[in-house]
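Biologist: Could you walk me through one part of this model in detail? I would like to hear about strand pairing and the charged side chains around it, and then how the rest compares.

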Amino acid sequence: MPSSESAPSDISPSDIPASGAVPVSDTDLFSDATLSEPYAPYAALREAGPAVWLSRHQAWAVTGYAEVKQVLEDTETFSSVDGVALTDLANQQFLAGTVLASDGANHARLRRPLSRQLNPRAMRSLAERIRRQADDLVVEYVNRGRFDAVELATRMVADVVMELMGLPDSTRGKVLEGAAATFDLFGPDNERYQRSAPIAGAMLAFLHEEVSRDTVRPGSWMSAIYQAVDDGRLEEADCVPLMSAYTTAGMDTTIHGLSTAIHLLATHPAQWAALRASDASSENAFHETIRYDAPVQGFGRRATRDTHIGGTAIAANDQLWVSHGASGRDPRKWGADADSFRVDRADAAEHLALGSGPHSCAGNHLAALEAGSLLSSLVDRCVELELDGEPVRALNNVLRGWHSLPVRVAPAG
């Protein structure tokens, strides 16, 4: 539980709320124990205050739904520039100038070249193709009777993203290997960070060698990015970082969200039955999944000026850790059953798991289409879905999901 230590030195005594000291916690949000079971620590931080100083990480934890939404949507006060990760090295060496670590006009410039490809109209044109891909894969795996749901989710998402991005097949393995490593870099300088930094660096170097105008598929999303360079809308140096950001984020977040949905449905038979009875849509089940257990648990921000979050004073240049995961379980937003998984939750899509404001996930419509298509096919083709062994959690500083998820199904008909 958070302790009532004295306020951090960069907050003046006059800024401390009249109720007492600024809430401080020595919780390590990135320990193995917390990453395995984060929701009790999140609840304690929410109860302690709208912003709680994490003494181990020298950052403010923002965990409530309203407060997380406030920070995400006010990019003038809470910037991603030099603050989206918790270490100076990641912010300045790996992320500086990228779409994730930019704001304002530069952020809009980097997002604009793929805005048409990622809008809802474009997703509608892709829907039938992606549903066919999902159905073909589900038939293949369901016929086995037993399979690893993480493998199924990875096949589905990687096939779609690699094809749309138009990347050469030679990059697939490196992209999948480097994606999780890249997300580790947003956390503190711990063992996971140290282990992942060389992997992420090697992936970027490899992609610089393998990806060019000559190796991407004509008409693909990467082709559109290179066209933006030729038109003067992007710099040549933007291409590979943009491709890496869209590809790694588009793969791992959806893979983890989708495999988590399968885990929850396998361990909540009443919810599986409700989905089979058409009491809720598969897309809503996906939104409820990532509300309940967000695939991206948090990102950093940096205050650009003195401000307040729920009455707690935040000083200019302070680091914040904005917890998407904690916001999804806030009972002030989701009610007394915030810790329950319900596929028919009417407001499930109001979660912040895919962000909000200018930095909301550019691929959110694609993720929902992929996940909804695969879950719909499972519902149509399986009578039963249950675990077939002990799942293995994948521990990552930012991503939350499974390393392996053995399931058993009974095919319909």
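Modeller: Happy to; what follows starts at one strand and its partners, then turns to the salt bridges and to a separate sheet.

Please keep in mind that this is a predicted model. Let us begin with strand β13, which covers residues 406–411. On one side of the story is strand β5 (residues 146–148), which runs antiparallel to β13 and is joined to β13 by three bridges. Within that pairing, Arg146 stands opposite Arg408 of β13. Strand β10, residues 382–387, also pairs with β13 in the antiparallel sense, here over five bridges. In this second pairing, Glu384 has Ala410 of β13 opposite.

Arg408 deserves a further look. Its side chain meets that of Asp388 in a salt bridge, with N and O 2.4 Å apart. This contact links distant parts of the chain, because Arg408 belongs to strand β13 while Asp388 sits in the loop between β10 and β11 (392–395), 20 residues away. Arg408 is partly exposed, at a relative accessible area of 27%, and Asp388 is likewise partly exposed at 27%.

Salt bridges that share partners also build a network, made up of Glu288, Arg291, Asp337, Arg342, Asp344 and Arg345. Inside it, the side chains of Asp337 and Arg345 meet at 3.3 Å, N to O. Asp337 is partly exposed, with 23% relative accessibility, whereas Arg345 is buried at 3%. Elsewhere, Glu140 forms a salt bridge with Arg144, and their closest N and O atoms are 3.1 Å apart. Glu140 is partly exposed with a relative accessible area of 33%, and Arg144 is partly exposed too, at 43%. The count for the structure comes to 26 salt bridges. As general background, side chains of opposite charge can pair when their charged atoms come close.

What about the cysteines? The structure holds zero disulfides. Cys382 is buried at 0% relative accessibility, while Cys361 is partly exposed with a relative accessible area of 25%. Residue 382 also falls in strand β10, which spans 382–387, so the walk briefly returns to the partner of β13.

Now for the separate sheet. Six strands form an open sheet with mixed pairing, in the order β1-β2-β3-β9-β6-β4. Its edge strands are β1 (24–25) and β4 (78–79), each of which pairs on one side only. Inside this order, strand β2 (residues 52–54) and strand β3 (residues 59–62) pair in the antiparallel sense over three bridges, with Leu54 standing opposite Ala59 in β3.

Two helices meet this sheet. Helix α2 (residues 39–48) packs on the sheet and touches β1, β2, β3 and β9 (319–323), its direction making about 130 degrees with that of β2. Helix α3 (residues 65–73) lies across β3, β4, β6 (298–303) and β9, and runs at about 120 degrees to β9.

Technical notes
Residues are numbered from 1 along each chain as its sequence is written. This is a predicted model: local features need pLDDT of at least 70, side-chain atom pairs count only at pLDDT 80 or more; totals for chains, interfaces and linings use all residues. Side-chain values use heavy atoms; hydrogens and water are left out. A disulfide is a pair of cysteine sulfur atoms within 2.5 Å. Buried means under 20% relative accessible area, exposed over 50%, partly exposed in between (1.4 Å probe, protein chains only). Two strands pair if DSSP finds at least two bridges between them. Helices (H or I, at least four residues) and strands (E, at least two) are DSSP runs, numbered from the N terminus. A salt bridge is a side-chain nitrogen of Lys or Arg within 4 Å of a carboxyl oxygen of Asp or Glu. Contact means heavy atoms within 4.5 Å. Axes are lines fitted to C-alpha atoms, for helices over the stretch in contact, and angles run from 0 to 180 degrees between N-to-C directions.
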